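Student: Please take a close look at one part of this structure, the place where the chain pairs with itself. Then work outward to the rest of the chain.

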Amino acid sequence: MNEVFSSTTSSDAELLGRDVIRRIAALGALAVYVTFVDELSRLSQATVSLVGEVDPNDPERRTFRIVRAYADGRAHARAVATAHRLTYRQLAERLAL
């Protein structure tokens, strides 16, 4: 599942995600649940949190290594937006706003 509740508020997404993950665990099923709700990475001992690494010296450079770690709240969205010229300032300049 990939962030199926992204159109909800973050608190609703956490509540719904928590319920879905608990139901999957109760079934004894194996699932991959991709989310930006960090709290879900610490849900239970049955939850294994995996994080995509970035270069510590350059957060816009992905290493493509996936490691077992709790979510740390850093999505590096600013670095990615800057690299692709998508910050508010960059867009305003390009659109002459």
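Tutor: Two strands count as paired if DSSP finds at least two bridges between them, and a strand here is a DSSP run of E with at least two residues. The model is predicted. Strand S1 covers residues 50-55 and strand S2 covers residues 58-68. The two run antiparallel and are joined by five bridges, so they pass the requirement of at least two. They form a hairpin, and two residues lie between them. One facing position is Val54, which has Arg62 of S2 opposite.

At the turn end of S1, start with Asp55. Its partner in a salt bridge is Arg61, with 2.9 Å between the closest N and O atoms. The partners differ in exposure class. Asp55 has a relative accessibility of 16%, so it counts as buried, the cut-off for that class being under 20%. Arg61 reaches 44%, so it counts as partly exposed, because that class runs between the buried limit of 20% and the exposed limit of 50%.

Further along, Phe64 belongs to strand S2. Its relative accessibility is 73%, and therefore Phe64 counts as exposed. Its backbone also deserves a check, as phi of Phe64 is near 65 degrees, a positive value in a residue other than glycine. Most residues other than glycine have a negative phi.

Next, the approach to the hairpin. Ser49 sits in the loop between helix H1 (10-26) and S1. Why is Ser49 called buried? Its relative accessible area is 9%, and the class takes residues under 20%. The side chain of Ser49 comes within 2.6 Å of the backbone oxygen of Ala69. Leaving aside residues up to four places away in sequence, Ser49 touches Ser41, Val67, Arg68, Ala69, Tyr70 and Ala71. Ala69 thus appears in the contact list of Ser49 as well as in its polar contact. Val67 and Arg68, from the same list, fall within the residue range of S2, 58-68.

Now the surroundings. The protein chain has three helices and two strands, in the order α-β-β-α-α from the N terminus. The helix before the hairpin is H1, and two of its salt bridges can be followed in detail. Glu14 and Arg18 are four residues apart in H1, about one turn of the helix, and their side chains meet in a salt bridge at 2.6 Å, N to O. Asp19 and Arg23 have the same spacing of four residues in H1, again about one turn; the closest N and O atoms of their salt bridge are 3.1 Å apart. Asp19 has a relative accessible area of 37%, so it is partly exposed. Arg23 has 56%, so it is exposed, the limit for that class being over 50%. Arg23 can also be placed against a residue outside this bridge: Glu39 is 16 residues away in sequence and 17 Å away in space, C-alpha to C-alpha. In total, the structure holds five salt bridges, including those described here.

After the hairpin come the two remaining helices of the α-β-β-α-α order. Arg85 lies in the loop between helix H2 (77-83) and helix H3 (88-95). Like Phe64, Arg85 is a residue other than glycine with a positive phi, here near 55 degrees. Its relative accessible area of 47% is why Arg85 is partly exposed.

Finally, the whole chain. The radius of gyration of the protein chain is 17 Å, whereas a compact globule of 97 residues would have one near 13 Å. Along the principal axes, its C-alpha atoms fill a box of roughly 55 × 30 × 15 Å. Buried residues make up 22% of the 97 residues; Ser49 and Asp55 are among them. Of the contacts with a separation of 6 or more, 26% are between residues 24 or more positions apart. The accessible surface comes to about 7600 Å², and carbon and sulfur atoms account for 55% of that surface.

Terms used:
Residues numbered from 1 in each chain as written. Predicted model: local features only at pLDDT ≥ 70, side-chain atom pairs only at ≥ 80, totals over all residues. Heavy atoms only, no water. Buried < 20%, exposed > 50% of the residue type's maximum accessible area, 1.4 Å probe, protein only. Polar contact = N/O pair within 3.5 Å; in protein donor to acceptor, adjacent residues only side chain to side chain. Contact = heavy atoms within 4.5 Å. Salt bridge = Lys/Arg side-chain N within 4 Å of Asp/Glu carboxyl O. Rg over C-alpha atoms; globule rule 2.2 N^0.38 Å. Areas by Shrake-Rupley, 256 points an atom, 1.4 Å probe, with all protein chains shown as cover.
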